[in-house]
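Here is a short report on one protein chain. It moves from the overall layout to a single helix and its surface.

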Amino acid sequence: MGKSTQGQEAPVKVDDDAVNAVLNRLRRAQGQLAGVIAMIEAGRDCKDVVTQLAAVSKALDRAGFKIVASGMRQCMNNADENQAPMTEEELEKLFLALA
């Protein structure tokens, strides 16, 4: 997420609690998406399908926001001589990618 001095992406280590929370949200979204697919295949009502699809979208957004928030905390806490902290522009770009 942060950039190294040569313009390549540097990895951001996210703490284990955040990783577990993100994985749980993604697994839940995966199950919801499978349900949406089954609903479409069964010819369910459009309103029901869209409602469930919105829930999947929200779960994915929340997982993304959790990753960004955890990454921000790590970037602010762990900046050193090898990895500069993320700029405000880089952070804004990450948030807008989820918008």
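Helices here are DSSP runs of H or I with at least four residues, numbered from the N terminus. With that numbering, Gly43 sits just after H1 and takes a positive phi of about 75 degrees. The model is predicted.

**Overall layout**

The protein has three helices and two strands. From the N terminus on, the order is β-β-α-α-α. Whole-chain values are in the table.

| Property | Value |
|---|---|
| Buried share of the 99 residues | 21% |
| Share of contacts with a separation of 6 or more that join residues 24 or more positions apart | 63% |
| Exposed area of the protein | about 7,100 Å² |
| Share of the exposed area from carbon and sulfur atoms | 54% |

**Helix H1**

H1 covers residues 16-41. Its 26 residues should span 38 Å at 1.5 Å a residue. The end C-alpha atoms of H1 lie 37 Å apart, so the two values agree. Which residues of H1 are buried? They are Ala18, Val22, Ala29, Val36 and Met39.

**The nonpolar patch**

H1 also contributes to the surface. Val19, Leu23, Leu26 and Leu60 form a nonpolar patch there. Together these four residues have about 270 Å² of accessible area. H1 gives the most to this patch, with three residues.

Leu23 belongs to the patch and lies in H1. Is Leu23 buried, exposed or partly exposed? Its relative accessibility is 33%. Buried means under 20% and exposed means over 50%, so Leu23 counts as partly exposed.

Methods:
Residues numbered from 1 in each chain as written. Predicted model: local features only at pLDDT ≥ 70, side-chain atom pairs only at ≥ 80, totals over all residues. Heavy atoms only, no water. Patch = residues over 30% accessible without salt bridge, like charges linked within 9 Å, V, L, I, M, F, W, Y side chains within 5 Å. Areas by Shrake-Rupley, 256 points an atom, 1.4 Å probe, with all protein chains shown as cover. Salt bridge = Lys/Arg side-chain N within 4 Å of Asp/Glu carboxyl O. Buried < 20%, exposed > 50% of the residue type's maximum accessible area, 1.4 Å probe, protein only. Contact = heavy atoms within 4.5 Å. Expected span 1.5 Å × (residues − 1).
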